[in-house]
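Below are some notes for a colleague who is meeting this structure for the first time. Please read them with the model open beside you.

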Amino acid sequence: MIPQPQRLAACGVAAAADIDPVSPPAERLARGRVVILECFQEIPCDPCTKTCPFGAILPMADINERPRIDYERCVGCAVCIAGCPGLAIFVVEEDFSQEESLVVIPYEFLPVPGFGDTVEGLDRAGNAVCPARVVAVQNAAFQDRTHLIWLAVPKGLAMTVRHLRMPDTGTAADPAAEVPAESVPAGAAAAARCEGNDGR
Amino acid sequence: MTSVREVDIAVVGAGPAGLCAALAAADLGAGVTVLDREPRPGGQLIKQTHMFFGSQEQYAAVRGIDIAELLAGRSAAHPHIELLAGTTVLGIYPDGVLLAESGDRLLKLRPQRLIVATGASEKFLAFPNNDLPGIYGAGAVQTLMNVHGVVPGKRVLMVGAGNIGLIVSYQLLQAGVEVAAVVEGAPTIGGYWVHASKIRRAGVPILTSHTIKLAYGQEVLQGVVVQQVDAAWRPLSGTEKDFEVDVMCLAVGLSPLTELLFQTGCRLRYVAELGGHVPERDEFLRTSLPWIYVAGDAAGVEEASSAMVEGSLAGTAAASSLGHGGKRVGESVAACRRQLDDLRRGPAGEKIRAGLAKL
């Protein structure tokens, strides 16, 4: 009899038992915007320790360690998000407004939603859980084509929403044509840039 | 009749290992000729649109496509490196001559040192109708999409939840292709969980403990039947699921490309953990033939980050053996070893460590 593998290892979706230990303390969450690193596995990877301008992601003695956070130093600036090769960093804020919480997600798909758009908020298993309002879109050069989408979600869902789906407009036309080349996420850009290589 | 050109070091393969080997050796003053059969240097890096793991020294958080540009650009500009793209090495002869084909020309090189960085090829899987058009290796689909800008189809079933299967699934989604599911025979996901989470939250199911029963279709692939397996990998009848897909991608592992090494007569050994037959090598990545070195996936299938470090180590050692480098060599070698130890030390490096222990 083989022991039942933990849920995350068997299907890729983190459960509460995985998430609770990496969540910011409730008291820190209550004080405002803060980071969460959903990095559950010891893998050789450490760029996050170098991206935080405030030193909130602590240095690793061994590159295989999981990241450790000093939540007192984190200001929720979201600079670290696009520097994570696993796209496993999010920024959350419980009290974004009276009725809304905030979650900042990395996004590498086309089309890129725009400010003010309403999109579907998806949970860690890809289920649509709520409408989400796009309150900011960031695509600075240092993000290297990984967009940051700031989503206002119904209160209490900041720890649930981890991805977005564009509303189905019924037009599945070439999305790349609508987006200026410099804002195209890298993966999509490579798949769309057939004119850009040497043709061999 | 073409004459034989004498060179210091020849590197076969311009992927992450080969380019890093060339740069390390050339930086120490050796003359290096790099040969690669593809028109564009960079090996598999030229289709890796995702950010790399590892540390800064191995370009962590930089996209593979950009690492390719960086390494190929530095190599092309290096005064000691001759980069021959579109050049296929055909064989290595007992007198140490390397025969290569470049367009309509035959090329003969006699290098004092040879570094084999030929990479790996995709494994295949046996199941009924596995020859239907529409069934690809995942790497081939990645080449189609990310090098040639061609989407492979409309709806894909991915087989294998290692890093390649997970990453290519993500890139298919980026290209607007639907991924019906990822099927994995093992009870757990073999790739990094962060890669799995990226496709899960985009709605792609991962079916662990599942295998392919058969593929079907008239002339082209129209669907795949998958089936659950028990702890001993025995298929469980009554668990069949039918996926209507026009593309199936196989990401079921890689085998080191060691044909050239076999030709040279150096000693190889079958090590399952390293993907197949790999050459015996010493701590400087020198094979049983003292003039031949190996680096990257040809030495054992591993991540691109370790391939780059192995390349630097082999390049440094080969140049040093020709009298280049002086005091800088010890420091470079130590830095490479430290990086390899770091990359392999954790749970993710367990298989590699087990494989290397058998050599």
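1. A good place to begin is the side chain of A:Gln41, one of whose polar atoms lies 2.8 Å from the backbone nitrogen of B:Trp193. A polar contact here is a pair of N or O atoms within 3.5 Å, where, within protein, one must be able to donate a hydrogen and the other to accept it, and where residues adjacent in sequence count only if both atoms are side-chain atoms. A:Gln41 itself is found in the loop between strand E1 (34-37) and helix H4 (48-51) of chain A. Apart from neighbours within four places in sequence, A:Gln41 is in contact (heavy atoms within 4.5 Å) with A:Arg66, B:Gly191, B:Tyr192 and B:Trp193.

2. Before going further, please keep in mind that this is a predicted model, in which local features need pLDDT of at least 70 and side-chain atom pairs count only at pLDDT 80 or more, while totals for chains, interfaces and linings use all residues. Residues are numbered from 1 along each chain as its sequence is written, chains are lettered from A and ligands numbered from 1 in the order in which they are written, and side-chain values use heavy atoms, with hydrogens and water left out. The helices (H or I, at least four residues) and strands (E, at least two) are DSSP runs, numbered from the N terminus.

3. The contact between the two chains takes 52 residues from chain A and 46 residues from chain B. Together the chains bury about 4300 Å², of which 57% is on carbon and sulfur atoms; buried area is the accessible area (1.4 Å probe) that two parts lose on being put together, summed over both. On the chain A side, A:Pro44, A:Pro85 and A:Phe109 supply 12% of the area that chain A buries against chain B, more than any other three residues.

4. Between chain A and chain B there are 19 residue pairs in polar contact, with both residues at pLDDT 80 or more. Helix H1 (7-11) and helix H5 (186-192) of chain A are the elements that give two or more residues to the side of chain A that touches chain B, and H5(A) gives the most, with five residues. That side of chain A has 28 nonpolar, 11 polar and 13 charged residues, where Ala, Val, Leu, Ile, Met, Phe, Trp, Tyr, Cys and Pro count as nonpolar, Asp, Glu, Lys and Arg as charged, and the others, Gly among them, as polar.

5. How many salt bridges are there between chain A and chain B? The count is four, while the structure holds 32 over all chains, a salt bridge being a side-chain nitrogen of Lys or Arg within 4 Å of a carboxyl oxygen of Asp or Glu. B:Arg63 forms a salt bridge with A:Glu108, the closest N and O atoms being 3.0 Å apart. This pair runs from the loop between E3 and E4 of chain A to the loop between strand E2 (32-35) and helix H2 (64-77) of chain B. B:Arg63 also forms a salt bridge with A:Asp144, with the closest N and O atoms 3.6 Å apart.

6. A:Asp144 deserves a second look, since its phi is positive, at about 50°, although it is not a glycine. A:Asp144 sits in the loop between strand E5 (128-138) and strand E6 (147-154) of chain A. In chain B, B:Glu219 has a positive phi of about 70° and is not a glycine either; its place is the loop between strand E12 (210-216) and strand E13 (223-228). A cis peptide bond joins A:Leu110 and A:Pro111, with omega about -5°, and A:Pro111 lies in the loop between strand E3 (100-107) and strand E4 (118-122) of chain A.

7. The last point concerns enclosed space. A cavity is a set of points, on a 1 Å grid over the protein atoms alone, where a 1.4 Å probe fits but cannot get out, and lining residues have an atom within 4 Å of a point. The structure holds six cavities of 30 Å³ or more, a volume being the space filled by probe spheres set on the points, with grid points joined across faces, edges and corners. The largest holds about 140 Å³, and among its 17 lining residues the closest to its centre are A:Cys39, A:Cys45, A:Cys48, A:Pro67 and A:Cys84.

Note on methods
1 Å grid on protein atoms, 1.4 Å probe; cavity = no way out; pocket = protein on both sides within 12 Å on 5 of 7 lines; lining within 4 Å.
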